[in-house]
Amino acid sequence: MLAKVQEHQEKMEKIAGELGALAKLKAPLCLRKNSVPHLVPNPKDPRFAKRKLDLRSLNQILEIDTGANTCTAESGVAFDQLVHETLKHQRIPMVVPELKTVTVGGAVSGCSLESMSYLYGGFHDTCLEYEILTGDGRVITATPEKNSDVFQMIHGSYGTLGIITKVKFKLLPVAGHFVKMSYHTFTNVSNFFSFMRKRWEAKDHHFIDGIIHSPSQCVVCLGDIVAETPFISSYQGVNIYYKSTATRSIDYLTLKEYFFRYDTECHWLTRTFPPLENKLVRLLLGKKLLGSTNLIKNSRRLRHLMALKRRQDLVVDVFVPAFSFEEFYKWYEKEMNFFPLWAIPYRMPSIYPWVSEGYKTKLKSASESDRMIIDCGVYGMKNSHPQIDYARLLEQKLFEFSGMKTLISKNSYSEEEFWSIFHRKHYLQMKEKLDPHSIFENIYDKFNHKQQ
């Protein structure tokens, strides 16, 4: 442990020095990491021309403390590596993002969540301590007690306030290495959502998410960690997980494969290129073409061709409060009608300080149960209608349903719209504190397509 701590400190001294040198050049800055960025590829992204700060050395797990049920890891540790190591100690992170190479730091800065989020919130809600490299070269520690304002504002900032370099977070002891899945199919969304609500209120399963395959085939997916299994299914090769939920009632996966069950298809983005769902193609070329890392890398290689499209395909997550989900869905089915639609319940333990006062008021008006957020994932919808930009339409309608668009993809918000959702005063105060020389981009500029 001590040797790893010393090695980490040496890494930090080197990285801080490199940041200082780059800052003097007054050039746009982005980060070089071992994993691919898990933001939606943008063919006009200026990051390709920026100077890069090398963070690839931040890739070690520093400590797994089984007594305290905590883990301390450098920010570049990917979740597939993390789960592999914690399982050796009969432990898992409380929230595991569904794509293998999402990193610990990326999960915090991007507010990652998954099927245990109905219990524990986002991954950031399970964190105890952050080490952060500021824009002016300082290394600070933030906890709920020390630099608490930084601790509460750094998640969801997408690298625009500072660089997360180390994270300490909670672990959950587990009694088995398998997951029993049960799939409950409903012929309408109202019954689907009623059943899902009962399950999250009962808290009687380890995992809950849903896949709406069509308006008449809506599946609630319930998972339970078990010690034994009569059989094991694998969806790392020719078999396709999301399709299995439409045909099975029961399934068993290893715990690790469960966590990354969506990775092979990057949810269902392989549908956008049908040969990738052909069993022979998957058998022969799957290792080179399948998986979120391969799919994202290849899409970035094709970014110049993507730029020829009038509009990019819609790949986005939106947060819709549970109290308005059914009304939102009625509009979605009528106006967008794209499936599968991923629906995953996410409990926001408290309303975050980066949420605007107006949006807080909308959330506070609901009952405690209805403060559950539903993350709706729209992955791969064509956006080629001659008169309708569905990305922009979705942004606008979300205001009516008290929802918000996540920042995994570019947005078309005006500044007024953007700061009606995000808390401008709190953000700018933190920007001045952590990044006084604006080494990192402003969060609105980073994701506004007009800047790209």
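Leaving aside neighbours within four places in sequence, which residues is Leu255 in contact with? Select Leu255 and display Leu87, Ile92, Val174, Gly176, His177, Phe178, Val179, Phe207 and Ile225, which answer that; contact means heavy atoms within 4.5 Å.

The model is predicted, so local features need pLDDT of at least 70 and side-chain atom pairs count only at pLDDT 80 or more, while totals for chains, interfaces and linings use all residues. Residues are numbered from 1 along each chain as its sequence is written, and side-chain values use heavy atoms, with hydrogens and water left out.

Next, widen the selection to the largest nonpolar core, with 87 residues. Such a core is a set of buried Ala, Val, Leu, Ile, Met, Phe, Trp, Tyr and Cys residues joined through side-chain atoms within 4.5 Å; buried means under 20% relative accessible area (1.4 Å probe, protein chains only). Leu255 is among the residues with the most contacts inside this core, as are Phe79, Ile92, Val104, Phe123, Phe169 and Phe259. Colour strand β8 (residues 163-173), which gives the most to this core, with 5 residues. Strands are DSSP runs of E, at least two residues, and helices are runs of H or I, at least four, numbered from the N terminus.

A second, separate core has 37 residues, including Phe328 and Leu341.

Move to Tyr329 in helix α12 (residues 325-335). Tyr329 counts as buried because its relative accessibility is 4%. Beyond its neighbours within four places in sequence, Tyr329 is in contact with Val189, Ile212, Pro215, Phe339 and Leu341.

Finally, go to helix α9 (residues 279-289): at its start, a side-chain oxygen of Asn278 comes within 2.9 Å of the backbone nitrogen of Leu280. Just after α9, Gly291 has a positive phi of about 100°.

Technical notes
A polar contact is a pair of N or O atoms within 3.5 Å; within protein, one must be able to donate a hydrogen and the other to accept it, and residues adjacent in sequence count only if both atoms are side-chain atoms. Buried means under 20% relative accessible area, exposed over 50%, partly exposed in between (1.4 Å probe, protein chains only).
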